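Thanks for making time for this one. I would like to walk through a single chain, going from a loop to the strands and helices around it, and then to the pocket.

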Amino acid sequence: MKAEKVIMKRAKGSGIRAQTGVGLIEILITLFILAVGLLGVAALQFTGSFANKDAISRTQAEMVAAQVAERLRAAARPATVGDGMVANNAYFSNTTYNFSGLSCSNASHPYHGCCLSRPADIPNCEGQTCSETQMAAYDGWALSCSAVQTNPQTKVSVSCDDTNNVDIYSCSAGSRVEILLTWPVASSGNQIYTLNSRCNPNDGDSNACVFKDITL
């Protein structure tokens, strides 16, 4: 009987030691699975941050494009040549937008540098009488500020497919006006974008954009 008890004790002791080893392996496997899961969550958040940035930029660009169209229509007047409405030529100049020629354009964030207070080069048309050219300069500044409010790399462009190149208007009555807002594509490195040719006219460009075509 004593020999049997000793054997049973030894067997029990051996079982306890074996059970302890299996528990450590299980803990290590669990920690490994947890680490892999946390890395996956971190990668998902990293990728999602780029998608959120692009979505915010696109939403803001859509609103600004609509604002540009409204400003152009508000500034339009009957043409003296041809039938229809025209806007001042300054609205279709590249120097009107994106803080061109302003000293604040070199600021690290153009919204903070150019928009929190009106630059001296921009006419004060808030509640005051301005000429058409002055109003175009003011509108160009205000619209550029709206464009960079959420993404400082957003650019505004207003161009015209002019149907009459001999009259005095940069955008003759009945011509198609293209409103284009572009910003560099934000990519996590493992996403593939189909780039629109209207956003990327030059080789090597990698821009997302919002565009709107209107007639006055």
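Let me begin with the loop that runs between strand E2 (85-86) and helix H2 (110-115), where asparagine 98 lies. This is a predicted model, so please take the backbone angles I am about to quote as values computed from predicted coordinates. Asparagine 98 has a phi near 60 degrees, which is a positive value in a residue other than glycine. Phenylalanine 99, which also lies in the loop between E2 and H2, has a positive phi of about 60 degrees although it is not a glycine either.

Are these two residues buried or exposed? Asparagine 98 has a relative accessible area of 23%, and because buried means under 20%, it is counted as partly exposed. Phenylalanine 99, with a relative accessible area of 6%, is buried.

Asparagine 98 also turns up in the contacts of threonine 154, a residue in the loop between H3 and E3. If we leave aside neighbours within four places in sequence, threonine 154 is in contact with Asn98, Ala147, Val148, Leu181, Thr182 and Trp183. At 4% relative accessibility, threonine 154 counts as buried.

That contact list brings us to the strands. Strand E4 covers residues 176-184, and seven of its nine residues are buried, so E4 is largely enclosed by the rest of the structure. Strand E3 (residues 155-161) pairs with E4 in the antiparallel sense over seven bridges, and within that pairing serine 157 stands opposite leucine 180 of E4. E4 also pairs with strand E5 (residues 207-214), again in the antiparallel sense, over eight bridges. There, threonine 182 has cysteine 209 in E5 as its bridge partner, and threonine 182 is one of the residues in contact with threonine 154.

Next, helix H3, for which there is a simple check of geometry. Helix H3 has 16 residues, residues 132-147, and at 1.5 Å a residue it should span 22 Å; the end C-alpha atoms are 22 Å apart, which agrees with that expectation. The buried residues of H3 include Ala136, Trp141 and Ala147, and Ala147 is also among the contacts of threonine 154.

Which residues does aspartate 139, in helix H3, touch? Not counting residues up to four places away in sequence, aspartate 139 touches Arg71 and Tyr91. At 3% relative accessibility, aspartate 139 counts as buried.

Now to the pocket. The largest pocket has a volume of about 170 Å³. Its lining includes Phe99 and Ser100, together with Thr133, Ala136, Ala137 and Trp141, so the buried phenylalanine 99 from the opening loop comes back here as a lining residue. By class, the lining has seven nonpolar, four polar and one charged residues, and Asp121 is among the residues that line the pocket.

Finally, the chain as a whole. The protein chain has three helices and five strands, and read along the sequence they follow the pattern α-β-β-α-α-β-β-β. Buried residues make up 32% of the 216 residues. Among contacts between residues at least 6 apart in sequence, 61% join residues at least 24 apart. I will stop there and take questions.

Key
Residues numbered from 1 in each chain as written. Predicted model: local features only at pLDDT ≥ 70, side-chain atom pairs only at ≥ 80, totals over all residues. Heavy atoms only, no water. 1 Å grid on protein atoms, 1.4 Å probe; cavity = no way out; pocket = protein on both sides within 12 Å on 5 of 7 lines; lining within 4 Å. Points joined across faces, edges and corners; volume = space filled by probe spheres on them. Nonpolar A, V, L, I, M, F, W, Y, C, P; charged D, E, K, R; others polar. Helix = DSSP H or I, 4+ residues; strand = E, 2+ residues; numbered from the N terminus. Expected span 1.5 Å × (residues − 1). Buried < 20%, exposed > 50% of the residue type's maximum accessible area, 1.4 Å probe, protein only. Pairing = 2+ DSSP bridges. Contact = heavy atoms within 4.5 Å.
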